[in-house]
Every structure is written in structure tokens, then in C-alpha cells.
Amino acid sequence: MEQKKTKYLNPYVGGALLGIVLLAANFISGRGLGASGAMKSVVVTSISAVAPSSSEKLGFVKEFRADHPGNPMKTWLVFEMTGVLVGGFLSGAFAGRLKLKVEHSPKITSKKRLFLALTGGVFFGFGAEFGRGCTSGSALSGMAVLSLGGFITMMAIFGTAYALAYFFRKNWI
Amino acid sequence: MGPLSVNELISANTNLFLAFIIGIGFGFVLEQSGFSSSRKLAGVFYGYDTVVLKVFFTAAITAMLGLLFFSLFGWIDLNLIYVNPTYLTSAIVGGMIMGAGFIIGGYCPGTSFCGASIGKIDAFVFIGGLFIGILIFALGYKIWDGMYLAKFLGFPKISQTIGLSDGVFAFLLIIVALSMFRVAEWAEKKFPREEY
């Protein structure tokens with residue numbers, strides 16, 4: 001059977017739909033979308049589970065608890081990101097894209113790709129804490145509400161990635 | 001009327017349930033647009049695939065215009081919407097660290113969940129990296145909290161900072177985005193390749 005190449009949604013249509021989702025989040029919940037904040041909940045939960053007594057002295061955990069009383073996993077972003085997993089899975093199922101694999105350029109090995117993915121994740125996780133949100137929460141959602149910080153973070157993310165692109169080109173092209 | 005949860009038109013639990021539904025929409029649209037593929041995402045930095053730029057800016061403009069019109073019609077009170085605070089130093093430094101993470105890892109947090117949802121193992125590993133990165137930030141918080149909290153400017157809007165009305169700024173941003181889309185279309189023709 002000839003399986004035709006991956007077909008994706010027209011990017012402008014996709015963008016408009018994503019904008020409507022973001023608008024809905026603001027209209028319903030008075031806030032934008034996010035992603036890294038859900039991982040923050042996971043980290044806080046893990047720290048508290050491993051070291052219950054000393055964790056509460058940690059400034060990071062203290063601040064999180066002040067902003068989110070109660071169970072750290074019962075936050076808007078944790079529910080939203082659980083939805084992302086479901087929505088992504090449904091879309092992949094409809095499009096026939098569900099497949100366990102390591103995606104990488106033919107010029108690098110799977111092992112190298114996984115090492116780079118881990119390293120990139122560490123940078124992104126750390127940077128998202130520093131920047132008070134990632135591409136979704138700080139840049140995209142911030143831009144929609146015209147936040148100065150959102151625009152600055154967006155420019156810093158894309159500017160840096162473009163500036164470094166040359167040095168990492170062999171991993172992608 | 002809006003925002004519904006802030007105005008207590010829906011309960012806290014309904015709000016969480018709707019967060020889940022919004023997330024489904026978020027994940028579905030990201031995956032449909034191809035954001036589950038790191039090679040497709042990274043393409044924006046080399047010009048061979050600019051889906052990130054097109055989707056990202058179209059979404060930002062759509063939501064921004066939607067909010068401005070909703071406010072104009074009296075459907076939403078923009079004063080009750082969360083506007084991200086601006087800490088100048090950390091916005092720049094954090095953004096730069098994230099930019100490095102993006103070009104090294106090929107995903108951002110949202111797209112890594114999207115990739116993981118369809119079985120991309122590299123996306124799972126990226127999420128593991130996120131965990132480690134956030135943990136490092138948490139454990140060393142005392143070392144960088146000075147920098148993290150430096151240059152707090154409040155909650156300014158970019159339109160105020162530049163001295164334009166929201167509407168004029170939105171209009172200019174649309175012009176900028178349309179010009180970038182033109183460049184993007186040109187780049188994709190110049191660096192053609194097969195779809196991943």
C-alpha cells in the first residue's frame with residue numbers, strides 16, 4: 001500500500017485555530033496557555049516527596065506553595081497539559097502518525113539525538129524557570145496580552161536560537 | 001462577562017475541567033500543524049520549514065485581536081486578564097537559555113509533550129531534561145534569585161512602553177507578521193525538502 005507522505009494542516013489555519021484556543025483560555029480562565037508550569041508542579045511534588053521536611057525551606061518550593069495552596073498537581077496547567085497529551089494523541093491517531101521512534105537527521109545517530117534532546121531539555125527547563133514561562137506561557141500568551149516581558153522573552157528565545165543555529169546545523173541539516 | 005472563572009461564573013473545578021478541554025484543543029492543533037516533529041520545528045532556524053513562525057505569529061495575532069475586539073464589545077474585562085510581569089534581566093537571560101535549549105533539543109516544553117503523545121522517544125527524553133533543568137533551578141535558587149528578581153518593571157504593556165494605543169500597535173504587529181510570512185514563503189521555496 002502506498003502510504004503518502006505526512007500531511008499537515010495549513011500553518012495559517014493551524015495558527016488561527018491555536019489563537020482561538022488561546023483566546024478561549026483567556027475568556028474562560030483569564031489566563032493564557034502554558035507548558036513548563038506543569039513540569040514545575042511535577043518537580044515540586046517530587047522534591048516534597050523525597051525530602052518532605054527540608055523541601056519546605058527551599059525558596060523555590062515556598063514561593064510555589066504561596067502561589068498554589070493545596071495539592072501542587074491540582075493546578076490549571078497540569079490539567080491543561082494532560083489535555084495536550086490527549087489532544088496530541090488523538091490528532092496523531094487520526095493522521096496515522098502514532099509510532100514509537102527516535103526522530104533525527106540521517107547524519108546523526110539515535111544516541112546522539114537522545115543526548116541532544118536531554119541537554120536541550122535541561123537548558124529549556126532551567127531557562128523557562130528563569131524566564132517565568134516558556135514559549136507557550138511567556139512568549140505566545142504574553143504577546144497576546146501585549147506583555148512587554150512576553151515580547152522580550154520571545155525575541156530572546158528566537159534571537160538566540162538563530163544566533164546559535166549555525167553551530168548546530170550538522171544536527172539538523 | 002469574561003473571564004468566566006475570575007468573575008466566578010464557573011466554579012474552580014469547572015475551570016480545571018475546562019483547562020483539560022482547552023489542553024486537548026491545544027495538543028490537537030499543535031500535532032495537526034506538525035509541532036510533534038523536532039526536525040520540522042528546527043527548520044525555522046534554517047529556512048527549510050517555517051511552520052513555527054507562521055503558526056506562532058498567526059496564533060499570537062488572532063488571540064490578540066480577539067481580546068481587543070472582545071473588550072471593545074464588552075465581552076471581557078481586560079483588567080482581569082493575567083498579564084505576565086516584566087523582570088527585564090530574567091526575561092532576557094531566561095529567553096537566551098531557552099533559545100539555546102531550542103536549537104540543541106529541537107523542542108520547547110509544549111511541543112515536547114505533543115511529540116511524546118504520538119510516541120517520539122526523543123520528546124520523552126527532552127521532558128526528562130526539563131525535569132532536571134527545573135530541579136537544578138529549584139535546588140540552586142539561592143544562587144540566582146538576585147538575578148531572577150532583578151529589574152522588576154511591573155506589568156507593562158508593550159504598547160504603553162512604546163507610547164502607542166493597543167489598536168495601533170496591533171495593526172503594526174500584523175504588518176510585521178505579514179512581511180515575515182513573505183520572507184518565510186520565499187525561504188521555503190529556496191530551501192525545499194521533503195516533508196518529515
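Two residues are in contact if their C-beta atoms, placed from the backbone, lie within 7 Å. Apply that cut-off to chain A of this predicted model. Take the contacts in chain A between residues at least 6 apart in sequence: 55% of them join residues at least 24 apart.

What elements make up chain A? The chain has eight helices and zero strands. Read from the N terminus, its elements run α-α-α-α-α-α-α-α. Its C-alpha atoms fill a box of roughly 55 × 40 × 35 Å along the principal axes. Chain A has 173 residues, and 55% of them are buried.

How far does the predictor trust chain A? The average pLDDT is 94. Of the residues, 97% score at least 70. Confidence peaks in helix α1 (residues 11-29) of chain A, at 98. The lowest value falls in helix α3 (residues 52-55) of chain A, with a mean of 85. Where pLDDT is low, predicted coordinates should not be read in detail.

Now turn to chain B. The chain is divided into domain 1 (1-82 + 162-196) and domain 2 (84-156). Taken over C-alpha atoms, the centres of domain 1 of chain B and domain 2 of chain B are 19 Å apart. Their contact takes nine residues from domain 1 of chain B and 11 residues from domain 2 of chain B. On the domain 1 side, α1 and α2 (38-42) of chain B each supply at least two residues. By class, that side of domain 1 of chain B has five nonpolar, three polar and one charged residues.

Helix α6 (residues 121-139) of chain B allows a check on geometry. How far apart should the ends of its 19 residues lie? At 1.5 Å a residue, the expected span is 27 Å, and the end C-alpha atoms are 27 Å apart, so the two agree. Many positions in this helix can be inspected for burial. Buried residues in α6(B) include B:Asp122, B:Phe126, B:Ile127, B:Leu130, B:Ile134 and B:Phe137. B:Gly129 and B:Gly133 are also buried.

Finally, bring the two chains together. Their contact takes 113 residues from chain B and 111 residues from chain A. Which element of chain B gives the largest share of its side? Helix α1 (residues 12-32) of chain B does, with 17 residues. The residues on the side of chain B that touches chain A divide into 70 nonpolar, 32 polar and 11 charged.

Key: Residues are numbered from 1 along each chain as its sequence is written. Chains are lettered from A and ligands numbered from 1 in the order in which they are written. This is a predicted model: local features need pLDDT of at least 70, side-chain atom pairs count only at pLDDT 80 or more; totals for chains, interfaces and linings use all residues. Helices (H or I, at least four residues) and strands (E, at least two) are DSSP runs, numbered from the N terminus. Ala, Val, Leu, Ile, Met, Phe, Trp, Tyr, Cys and Pro count as nonpolar, Asp, Glu, Lys and Arg as charged, and the others, Gly among them, as polar. A residue is buried if 20 or more other C-beta atoms lie within 10 Å of its own, exposed if 12 or fewer, and partly exposed in between; C-beta atoms are placed from the backbone. The expected span of a helix is 1.5 Å times one less than its number of residues. pLDDT is the predictor's confidence in each residue, from 0 to 100. Domain bounds come from an automatic or database domain assignment.
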